[in-house]
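Q: Please take a close look at one single part of this structure and walk me through it slowly, as I am in my first year. I would like to see how the pieces around that part fit together.

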Amino acid sequence: PLLTDPYWPKKVLSGHPERIRPCIGCHTGCLGRGFEGKPLSCTVNPAVGREREHEIRSVSKAKNVMIVGGGVAGMEAARVASLRGHKVTLYEASKELGGEVILASVPDFKADDRRLIDWYKNEMKELKVKVVFNKTVTEDVVKKEKPDVVIVATGASEVKINVPGIEKSKVAASTEILSGSKKAGENVLMVGGGLVGCETALYLAEQGKKVTIVEARDHILSAGKTIPHMNRSMLIDLLKKYKIGIITNSSLSEITDSGAVLIDNRFKKHDIDCDTVIIAVGFKANRDLYDKLYGKFVDLYLIGDASKAANIMDAIWSGNEIGLNC
């Protein structure tokens with residue numbers, strides 16, 4: 001926490017704990033980088049270890065900055081650009097700031113992610129960043145507003161797969177389960193053993209549901225290799241504690257009325273009983289707006305998951321970088 005916010009004690013003593021930038025316990029920027037042989041830093045505070053290079057300096061001429069997308073990448077860009085003296089307007093298509101982290105923070109064990117969203121929301125208020133909710137920004141909107149800088153932070157969407165039976169009502173995306181728009185039954189098949197799939201599986205298992213994870217690779221939590229080993233080990237231990245089944249080297253072949261059909265890497269098929277199939281096979285960048293604007297605006301930037309679907313650190317770091325240099 002003192003890496004994330006070295007002014008933690010002063011903010012407590014001054015009676016402003018809401019201004020404390022929260023550590024989210026991800027280890028990605030600190031100990032995780034250490035095990036990779038990289039300098040120590042912080043997911044939520046990119047300036048750690050390179051404070052001179054990331055010093056926030058006031059601009060000589062303020063610009064009108066339009067940021068499209070109110071996730072952590074967009075809010076970090078808005079925070080830094082505002083601190084530098086730019087006039088920032090943040091557009092969010094929904095009614096709430098936070099982006100994909102809103103759903104990622106639903107499980108009880110992700111409470112620190114909720115604290116991060118709350119901190120960013122408060123910073124937007126403290127810095128008087130203009131936030132426009134329920135506004136889908138199009139090329140025409142950008143042309144009408146005529147901003148000096150456009151930062152696209154439109155996030156990512158879940159990857160959809162096309163197998164027989166995918167249209168059945170028993171099928172749900174992990175985001176639908178976390179948002180509560182769909183409910184899981186008592187016997188769940190989780191398709192995808194990445195971080196989202198495993199955390200959603202744990203979330204459901206804690207509710208008493210029987211969950212089985214199927215993963216195409218030879219082990220779970222391998223996608224991108226962005227999870228520090230201490231977090232990965234603990235998550236695997238928790239999956240074992242809640243008796244979550246794990247089937248590797250296998251993919252979803254078909255969804256049936258009684259369950260699903262899996263096919264392994266030797267092309268052998270077998271049936272599995274379940275009443276809910278949840279898809280969590282990754283995310284794809286939403287860059288339609290950026291592609292439409294590309295070549296038409298000089299100061300146009302793409303950040304966060306809209307650039308490449310990754311993790312919170314990549315989102316915040318990219319937003320910070322552009323906020324410092326726009």
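A: Helices and strands are here runs assigned by DSSP, of at least four residues for a helix and at least two for a strand, and they are numbered from the N terminus. Keep in mind that this is a predicted model.

The part to examine is an open sheet of 5 strands, whose order across the sheet is β3-β2-β1-β4-β15 and whose pairing is parallel. At its edges stand β3, residues 130-132, and β15, residues 300-302, and since each of them has a single partner strand, one side of each is left without a neighbour in the sheet. On average, neighbouring strands of this sheet are turned by 20° against each other when direction is ignored.

In general, the strands of a sheet pair through backbone hydrogen bonds, and the pairing can be parallel or antiparallel. For a concrete case, follow strand β1, which covers residues 64-68, and strand β2, which covers residues 87-91: they run parallel and are joined by 5 bridges. One of the residues to look for is valine 65, whose bridge partner in β2 is valine 88. Packed on the sheet is helix α3, residues 72-83, which touches β1, β2 and β4 (149-152). The direction of α3 makes about 165° with that of β2.

Now turn to two loops that lead into strands of this sheet. Lysine 128 sits in the loop between α5 (111-126) and β3, and β3 is one of the edge strands described above. The phi of lysine 128 is near 55°, a positive value although the residue is not glycine. That deserves a second look, as most residues other than glycine have a negative phi. Lysine 128 has 71% relative accessibility, and because the cut-off for exposed is over 50%, this lysine counts as exposed.

Lysine 146 gives a second example, this time in the loop between α6 (139-145) and β4. In the order of the sheet, β4 stands between β1 and β15. The phi of lysine 146 is likewise near 55°, again a positive value in a residue other than glycine. With a relative accessible area of 66%, lysine 146 is exposed.

To bring the picture together, α3 packs on the sheet, while the loops before β3 and β4 hold lysine 128 and lysine 146, each with a positive phi.

Note on methods
Residues are numbered from 1 along each chain as its sequence is written. This is a predicted model: local features need pLDDT of at least 70, side-chain atom pairs count only at pLDDT 80 or more; totals for chains, interfaces and linings use all residues. Side-chain values use heavy atoms; hydrogens and water are left out. Two strands pair if DSSP finds at least two bridges between them. Axes are lines fitted to C-alpha atoms, for helices over the stretch in contact, and angles run from 0 to 180 degrees between N-to-C directions. Contact means heavy atoms within 4.5 Å. Buried means under 20% relative accessible area, exposed over 50%, partly exposed in between (1.4 Å probe, protein chains only).
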